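Student: Before we discuss any single feature, could we look at the model together and ask what justifies each term applied to it?

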Amino acid sequence: MPERNIEFGKYGAHGIKGHEAVARQLDALAGYIATPVTAHRGLLARLHYLTRTDHARAAARAAGLTVTDRTLRAWQAGTRTPSRKNLAAIEQAYRTVRRENVARYLTARLNKEGRGTRVEIHPINQSAVDRPRQRAVELRTMNVRRWDRIVAAWAAADDQELDDAWVDQVVDLGSQWGQYEYVTNVGFAA
């Protein structure tokens with residue numbers, strides 16, 4: 001695809017892919033539990049979220065938390081502590097289930113009945129690039145009206161689909177859209 005950067009950072013520019021910044025912002029909007037899973041309080045909060053209903057338990061199992069109910073009760077009672085591998089599985093299952101649960105809400109909030117959401121795209125950091133090689137890339141704003149594909153890819157943790165969905169929106173910037181493939185931040189609210 002034209003405009004895609006092949007050797008990003010060759011001259012010292014710093015940034016992340018635009019879709020990664022979008023995923024980071026969607027994660028912030030999802031409202032994850034702030035206490036880390038390694039703390040007892042964070043572990044209990046995640047286990048409560050994953051086991052409070054039969055639907056939540058089924059979603060947790062589908063997300064990869066494949067321990068017995070007896071083990072879950074022991075973790076919740078505090079008689080046993082999960083291993084590092086199980087803590088990682090609990091965190092991954094929690095994030096997956098949380099994303100699935102808030103995806104529909106976020107899509108509706110971001111689409112705003114067809115009005116869309118204003119997005120600020122902060123350009124790459126070129127402070128380490130020699131002056132003659134720096135590009136004039138300014139802060140851009142755009143209105144994204146179709147969030148369905150972006151949020152669905154984020155909820156499914158499909159990085160390639162999220163990239164494609166984000167690029168489909170960024171091309172609305174016109175002929176300079178390739179300059180915003182890498183950014184320092186993408187900001188929006190729901």
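**Cavities, core and helices**

Tutor: The structure, which is a predicted model, holds 2 cavities of 30 Å³ or more. About 50 Å³ of space lies in the largest cavity.

Student: What makes the largest cavity a cavity and not a pocket?

Tutor: The term is used because a 1.4 Å probe fits at its points but cannot get out, whereas a pocket is an open set. The residues lining the largest cavity are Lys17, Gly18, His19, Asp163, Trp166, Val167, Val170, Trp177, Tyr180 and Glu181. Helix 1 (18–30) and helix 7 (159–170) are the elements that give two or more residues to this lining, and the largest share, 4 residues, comes from helix 7.

Student: Where does helix 7 stand in the order of elements, and how many helices and strands are there?

Tutor: The protein has 7 helices and 5 strands, and from the N terminus on the elements run β-α-α-α-α-α-β-β-α-α-β-β. Helices are numbered from the N terminus, so helix 7 is the last α in that order. Of the 190 residues, 43% count as buried, and the C-alpha atoms fill a box of roughly 65 × 40 × 25 Å along the principal axes.

Student: Why is the set of 49 residues called a nonpolar core?

Tutor: The set is given that name because its members are buried residues of the listed kinds, such as Leu, Val, Ile and Trp, joined through side-chain atoms within 4.5 Å. This largest core has 49 residues, and those with the most contacts inside it are Leu26, Leu50, Val119, Ile150, Trp154 and Trp166. Its largest share, 9 residues, comes from helix 5. Leaving aside residues up to four places away in sequence, Ile150 touches Val22, Leu26, Val144, Leu162, Ala165, Trp166 and Gln169. In soluble globular proteins, nonpolar side chains tend to be buried together.

Student: How do you know that Ala93, Glu91 and Arg99 are buried?

Tutor: Buried means under 20% relative accessible area. Ala93, in helix 5, has a value of 0% and is therefore buried. Glu91 is also placed in helix 5, and its 16% lies under the cut-off, so Glu91 is buried. Arg99, found in helix 5, has 15%, so Arg99 is buried by that criterion.

Student: Which residues do these three touch, if neighbours up to four places away in sequence are not counted?

Tutor: With those neighbours set aside, Ala93 is in contact with Leu50, Ala60, Ala63 and Leu65, Glu91 touches Val37 and Arg46, and Arg99 touches Asp27, Tyr32, Trp154, Ala155 and Ala157.

Student: What makes the pairing of Arg99 with Tyr32 a polar contact?

Tutor: The side chains of Arg99 and Tyr32 are joined at 3.2 Å, and a pair of suitable N or O atoms counts within 3.5 Å, so the pairing qualifies as a polar contact. The side chain of Arg99 also reaches the backbone oxygen of Trp154, at 3.0 Å.

Student: How do you know that the buried residues of helix 4 share one side of that helix?

Tutor: In helix 4 (residues 69–77), Thr71, Leu72, Ala74 and Trp75 are buried. They cover an arc of only 160° around the axis, which puts them on the same side of helix 4. On the other side, Arg70, Arg73 and Ala77 are exposed. What covers the buried residues includes helix 2 (40–51) and helix 5 (84–111). Just after helix 4, Gly78 takes a positive phi of about 90°.

Student: Why are Glu113 and Ala157 called exposed, and what is the phi of each?

Tutor: Exposed means over 50% relative accessible area, so Glu113 with 77% is exposed, and Ala157 with 57% is exposed as well. Glu113, in the loop between helix 5 and strand 2 (117–122), has a positive phi near 55°. Ala157, in the loop between helix 6 (148–155) and helix 7, has a positive phi of about 55° although it is not a glycine. Most residues other than glycine have a negative phi.

Definitions and conventions: Residues are numbered from 1 along each chain as its sequence is written. This is a predicted model: local features need pLDDT of at least 70, side-chain atom pairs count only at pLDDT 80 or more; totals for chains, interfaces and linings use all residues. Side-chain values use heavy atoms; hydrogens and water are left out. Buried means under 20% relative accessible area, exposed over 50%, partly exposed in between (1.4 Å probe, protein chains only). The arc is that of the directions from the helix axis to the C-beta atoms. Contact means heavy atoms within 4.5 Å. A polar contact is a pair of N or O atoms within 3.5 Å; within protein, one must be able to donate a hydrogen and the other to accept it, and residues adjacent in sequence count only if both atoms are side-chain atoms. On a 1 Å grid over the protein atoms alone, a cavity is a set of points where a 1.4 Å probe fits but cannot get out, and a pocket is an open set with protein on both sides within 12 Å along at least five of seven lines; lining residues have an atom within 4 Å of a point. Grid points are joined across faces, edges and corners, and a volume is the space filled by probe spheres set on the points.
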